[in-house]
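Visitor: Mind walking me through the pockets in this one?
Guide: Sure, let's pull it up.
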Amino acid sequence: MLFAILVVVIGYAAYCDLRSREIPDWISLSLLLFGLTGSLFGFSHLSIVQTLLGTLAGFVLTAPLFYLGGIGGGDVKLVSALGSVLGPIGLLSALFWVAIAGGVLALIAKLRGKNDFAYVPAIFVGVLITLC
């Protein structure tokens, strides 16, 4: 049930990113609170330490990409919030698949003559593959 909620929320974030190229802050904040409350009240398989480490890992791994211009700030917030739900190990697995999906999207964008593309669909695919 928890993962179904995660898929719906990330799917909506991908829709927003495709539509307006922005990810509403409430999505990332909701995921962060979802991860924290899940671990605090025992609804999650993660301890509070794993939840916090996952959040930190998400930020540490994506913030440099933001500063280099590779991804947007909303992507950083979303991946950090995902870390609170998936934990550090789950997040690393998801990011592996996100990188592959992002590479495919980059190739498609390049073939279409575009240099910029929405990245949350790649995040969505990476999370789906990780959860499967």
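Guide: Here is a chat about two pockets and one residue.

Guide: This is a predicted model, so to speak of local features takes pLDDT of at least 70, side-chain atom pairs count only at pLDDT 80 or more, and totals for chains, interfaces and linings use all residues. Residues are numbered from 1 along each chain as its sequence is written, and side-chain values use heavy atoms, with hydrogens and water left out.

Visitor: What volume does the largest pocket have?
Guide: About 250 Å³. A pocket here is an open set of points on a 1 Å grid over the protein atoms alone, where a 1.4 Å probe fits, with protein on both sides within 12 Å along at least five of seven lines; lining residues have an atom within 4 Å of a point. The volume is the space filled by probe spheres set on the points, which are joined across faces, edges and corners.

Visitor: Which residues lie nearest its centre?
Guide: Arg21, Ile71, Gly72, Asp75 and Phe117, out of 16 lining the largest pocket.

Visitor: And the second largest pocket, what lines that?
Guide: Its volume is about 210 Å³, and the lining includes Asp17, Arg21, Leu105 and Phe117.

Visitor: Where does Arg21 sit?
Guide: In the loop between H1 and helix H2 (25-40); helices are DSSP runs of H or I, at least four residues, numbered from the N terminus. Arg21 has a positive phi of about 65 degrees although it is not a glycine.

Visitor: How exposed is Arg21?
Guide: Partly, with a relative accessible area of 42% (buried is under 20%, exposed over 50%, partly exposed in between, with a 1.4 Å probe and protein chains only).

Notes
Helix = DSSP H or I, 4+ residues; strand = E, 2+ residues; numbered from the N terminus.
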